[in-house]
Amino acid sequence: MSWLHKLNETYDACRGNEPEGAEKLLPVSHAYQQAHIEVTIDSSGQFESARFIGKVETAIPATEASAGRVGTKPPPHPLCDKVQYCAGDYPEFGGAKPSFFTEYQEQLANWCQSPFVHRKAQAVLNYISSNSLTADLVKERVLHVGPDNMLLTRWTDPSDTPEIFKVLTAKAGERDQGDALIRWQVRDPDQLPSEVWLDESLQDSWARFDASTKSAKGLCLVTGELQANLAASHPKRIRHAGDGAKLISANDSSGYTFRGRFTDDTGFQASGVGYEVTQKAHNALRWLIHRQAYRQGDQVIVCWAVGGTPVPDPFLSTLDLIDEPGEIESAPQLELHADAGQALAQRLRQKLRGYGAQLGATDDVVVMGLDSATPGRMAITYYRELKGSELLERVESWHIRHAWFQNFSKEKRFVGAPAPHDIAECAYGRRLDEKLKKAVVERLLPSIIDGQPLPRDLVSSVIRRACNRVGLDHWEWEKCLGIACGLYRGFCNREDYQMDLEADRCSRDYLYGRLLALAERIESLALHVGGEKRDTAATKLMQRFADRPASTWRTIELALAPAKSRLRAKRGGAMHELDKLHDEIVASFRGDDFMDNKALTGEFLLGYHCQRRALMQPKATESDTPQESTDD
């Protein structure tokens with residue numbers, strides 16, 4: 001019940017303190033519904049006007065039963081509801097569905113006869129008691145009838161279809177206009193605003209009346225207190241308006257579901273939760289999801305501070321987190337000459353200090369993941385409670401440890417860690433579907449939030465795809481290469497790999513990566529001099545090189561002979577420097593490492609990428625050398 005407790009605290013902290021321009025937290029005993037028609041009456045209940053408004057999400061008063069209504073006799077909402085509920089004359093116009101006007105009117109009358117009556121609710125009751133709602137809507141051309149004065153269920157002319165027929169759901173090709181939901185405006189100079197869904201006094205009036213009708217007393221397992229009204233059912237529509245899945249549910253009152261364990265089928269003995277507590281918690285969760293959640297199909301992951309202060313989104317790439325793309329790579333020299341890792345760390349810490357100024361070190365932060373396997377049941381797939389300082393430290397650690405030069409396109413280049421969804425795309429390519437992407441993101445959560453190592457198989461999958469250069473288009477491969485380097489660097493964090501070329505690193509895999517970059521540079525430069533455009537031998541044999549480096553290097557070296565001859569004839573100085581670099585790299589191998597033909601690890605991609613960037617540095621002495629960056 002810890003998640004309910006934290007969400008309840010969040011509601012109390014944020015209700016009335018929502019950020020400017022943000023959606024308001026839903027009041028207790030209210031629900032969101034899509035309204036289609038807006039009816040305006042005066043304070044005495046006289047009809048003034050009506051208009052079609054499309055599909056507008058509206059906060060309306062609701063009972064515990066009507067908020068999750070299903071079945072053949074769904075209970076009415078107390079104020080705003082469908083035409084078949086609000087219109088006493090709906091059957092007279094041939095309504096295709098049963099009328100629930102009597103139940104609606106009775107419930108509204110009970111509210112208006114209580115000590116919690118509100119003038120606007122009384123005005124609505126006065127108006128619907130005239131049994132003229134459907135007739136008024138027909139006169140205003142909001143609802144449409146045929147020659148027999150019966151409500152139409154089809155519209156034959158597609159060129160002139162009324163708007164209401166475009167938004168209502170069709171069943172067997174027919175649309176019942178009684179399904180249109182009505183919201184009210186009550187013009188009263190003494191009570192503003194006139195919109196009932198915005199009037200806080202009316203919302204409070206209904207909430208107090210609704211609470212007075214409940215009598216299920218018991219122990220609330222969230223607060224640990226005896227409550228006068230426990231919740232018999234819990235809200236749905238948490239992730240979106242059509243979401244029927246619930247986090248807490250118990251609706252099987254037959255068979256042996258509860259017998260032998262509990263004395264009744266109410267569920268109070270298993271999970272007694274106060275009505276106001278569950279309303280606040282679910283309303284807070286819905287509000288947080290709409291504001292700041294990561295979504296992937298039915299999967300939702302949300303990170304928030306209980307006190308309502310802003311927190312960094314752990315699912316963003318470094319570029320999106322810092323939110324200032326030009327600052328990370330303000331000049332090419334930052335990447336090629338300076339310590340790019342140190343520059344990134346400084347900018348990232350500066351950004352996170354901004355969050356730390358509002359988020360206290362001991363403030364409670366929650367990360368919660370939700371998913372549903374069926375339409376009616378939802379589960380919490382991930383839950384962590386942290387302090388503010390822990391979250392900031394782990395987000396910073398993730399972005400620093402897994403940082404590398406990322407090259408997604410000509411417009412999107414940055415130094416930092418990729419977003420989880422980018423990692424999933426690079427790991428599985430065309431095989432990636434929604435189910436697999438959700439699984440990858442869920443597996444990455446402990447690495448980001450808990451600081452655990454990355455899953456080994458995920459790192460290996462990204463590295464394998466980065467080695468398969470000929471199987472990917474240019475930008476897909478560039479993206480995979482940067483992500484693979486970043487993930488391997490973070491996975492082997494103890495090695496302390498730098499993002500700049502480490503000429504003194506003598507490990508076999510790193511040196512072989514440097515050799516591959518050198519071979520690619522020699523042949524690509526020779527092709528440029530000769531005016532040719534084709535893949536180099538290093539490009540075509542990259543995957544084979546990763547599996548059998550020693551034997552494949554002999555093949556690549558033989559293929560370089562024509563390129564070296566051309567460069568010695570036309571670029572003698574450049575070729576001399578490249579030959580010198582080749583000898584330095586080969587001389588750095590220890591013992592028999594150069595002849596070792598076992599498969600390379602992801603470390604060779606780090607050596608390859610760093611050497612490739614270093615070779616592409618522009619030189620003033622070679623103005624006619626192609627200056628394309630490693631990103632092109």
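Which helix is D204 found in? Let me start there, and hello everyone. D204 is found in helix α7. Before we go further, please keep in mind that this is a predicted model.

So, is D204 buried, partly exposed or exposed? With a relative accessible area of 41%, D204 is partly exposed, because that value falls between the 20% limit for buried and the 50% limit for exposed. If you want a landmark, take C86: the C-alpha atoms of D204 and C86 are separated by 22 Å, and the two residues are 118 apart along the chain.

Now walk back from α7 into the loop that joins β3 to it. β3 covers 182-187, α7 covers 200-212, and D188 lies in the loop between them. D188 has a relative accessible area of 4% and is buried, because anything under 20% counts as buried. Which residues does D188 touch, leaving aside its neighbours within four places in sequence? They are S43 and R119. With R119 there is also a polar contact: the side chains of D188 and R119 are joined at 2.7 Å.

Let's move to β1, residues 30-42. This strand is mostly covered, with 12 of its 13 residues buried. Here is a reminder for anyone who works more with gels than with folds: strands of a sheet pair through backbone hydrogen bonds, and the pairing is either parallel or antiparallel. β1 shows us both kinds. With β2, residues 47-61, β1 pairs in the antiparallel sense over 11 bridges, and Q33 stands opposite T58 of β2. With β3, β1 pairs in the parallel sense over 6 bridges; there, T40 has Q185 of β3 as its bridge partner. Please also look at the hairpin of β1 and β2. It has 4 residues between the strands, and G45 takes a positive phi near 100° in this hairpin.

β1 also brings us to the largest pocket. How much space lies in this pocket? About 820 Å³. Its lining is made of 30 residues, and those nearest its centre are Q33, R69, K82, D179 and R237. You will recognise Q33 as the residue opposite T58. β1 gives the largest share of the lining, 4 residues. Both β1 and α2, which spans 83-86, supply at least two lining residues each.

My last stop is an open sheet of 4 strands. In what order do its strands run? The order is β6-β7-β8-β9, and the pairing is antiparallel. At the edges sit β6, residues 294-296, and β9, residues 377-387, each pairing on one side only. From one strand to the next, the twist averages 10°. Zooming in on the β6 edge, β6 and β7 (residues 299-305) are joined over 3 bridges, and R295 has V300 in β7 as its bridge partner.

Two helices lie across this sheet. Helix α1, residues 2-14, lies across β7, β8 and β9, and runs at about 70° to β9. Helix α16, residues 434-449, lies across β6, β7, β8 and β9, and runs at about 20° to β9.

To recap in the order we went: partly exposed D204, buried D188 with its polar contact to R119, β1 with its two pairings, the pocket that β1 helps to line, and the open sheet with α1 and α16 lying across its strands. Thanks for listening!

Terms used
Residues numbered from 1 in each chain as written. Predicted model: local features only at pLDDT ≥ 70, side-chain atom pairs only at ≥ 80, totals over all residues. Heavy atoms only, no water. Pairing = 2+ DSSP bridges. Axes fitted to C-alpha atoms, helices over the stretch in contact; angles between N-to-C directions. Contact = heavy atoms within 4.5 Å. Buried < 20%, exposed > 50% of the residue type's maximum accessible area, 1.4 Å probe, protein only. Polar contact = N/O pair within 3.5 Å; in protein donor to acceptor, adjacent residues only side chain to side chain. 1 Å grid on protein atoms, 1.4 Å probe; cavity = no way out; pocket = protein on both sides within 12 Å on 5 of 7 lines; lining within 4 Å. Points joined across faces, edges and corners; volume = space filled by probe spheres on them.
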